[in-house]
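Please examine the structure shown here. The report concerns its pockets and one strand residue.

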Amino acid sequence: MGFADFLSDAGLTMLEQWVTTRSYIAGYGPSQADVASFKALPGPPKVEMYPHAWRWYKHISSYQSEFTSLPGDPSKAYTTYGPEKSELTINPKDAPKVAEAEEEEEDDDLFGSDDESEDEEAKKKREENLAAYKKKKEGKTKPAAKTIVTLDVKPWDDETDMTQLEKNLRAIEMDGIKWGASTLVPLAFGIKKLQITLVVEDDKVSIDDLQEQIAGDEDHVQSTDVAAMQKL
């Protein structure tokens, strides 16, 4: 099926759902699939309505100078990419309500139908079982949703103290962040970028807010990019 018209809410919602669990439109790096989809948008999606699509758009915009050299077939239309079929919730905020309603229906089905001809004793037993099941389910604590993020942090020049840059970065304290391994990756002219991995709790950490805090180290940091994201 592929993507729908990005000028419509349905098309933007389809893009939002597609990049919620992906850093790129296709594969594990920027390609002509991202270029075609990026150019099909009139501008960045509204962050308050399509946060994941906005994050993807911002990330791909950093590659604009490299668009012609990215791998893939530049002749393909953006509609050739995306989901093979679509079962969209046009208004994303309504999705949890739909899921809750379906879950309640499934719970009721577990213990039989509410037939009027059902005798009082059987009905009472069914309601007791349903109440016990719901109580047990409510007592379970769902694990926090987490994402592994790889950040690229670029310095101003080859004279930037990368050791101090990383020290300042790791000194950032935000609830829900666990810093991981890091490495220096050569860029050009002796300049190296810091590539660092971290695990974030989705409900507690905004990647955009984190990038702003990192960029606050103006003496060392020129820019930051999300190189990869993967749900745990």
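The following paragraphs describe two pockets and then the surroundings of one residue.

This is a predicted model, in which local features need pLDDT of at least 70 and side-chain atom pairs count only at pLDDT 80 or more, while totals for chains, interfaces and linings use all residues. Residues are numbered from 1 along each chain as its sequence is written, and side-chain values use heavy atoms, without hydrogens and water.

A pocket is an open set of points on a 1 Å grid over the protein atoms alone, where a 1.4 Å probe fits, with protein on both sides within 12 Å along at least five of seven lines; lining residues have an atom within 4 Å of a point. Its volume is the space filled by probe spheres set on the points, which are joined across faces, edges and corners.

| Pocket | Volume | Lining by class |
|---|---|---|
| Largest | about 420 Å³ | 6 nonpolar, 6 polar, 5 charged |
| Second largest | about 280 Å³ | 9 nonpolar, 5 polar, 1 charged |

Here Ala, Val, Leu, Ile, Met, Phe, Trp, Tyr, Cys and Pro count as nonpolar, Asp, Glu, Lys and Arg as charged, and the others, Gly among them, as polar.

The lining of the largest pocket draws at least two residues from each of α3 (51-61), α7 (207-215) and β4 (221-231); helices (H or I, at least four residues) and strands (E, at least two) are DSSP runs, numbered from the N terminus. For the second largest pocket, β1 (146-155) and β4 each supply at least two lining residues.

E201 belongs to strand β3 (residues 191-201). Beyond residues up to four places away in sequence, E201 touches A144, A145, K146 and G176, contact meaning heavy atoms within 4.5 Å.
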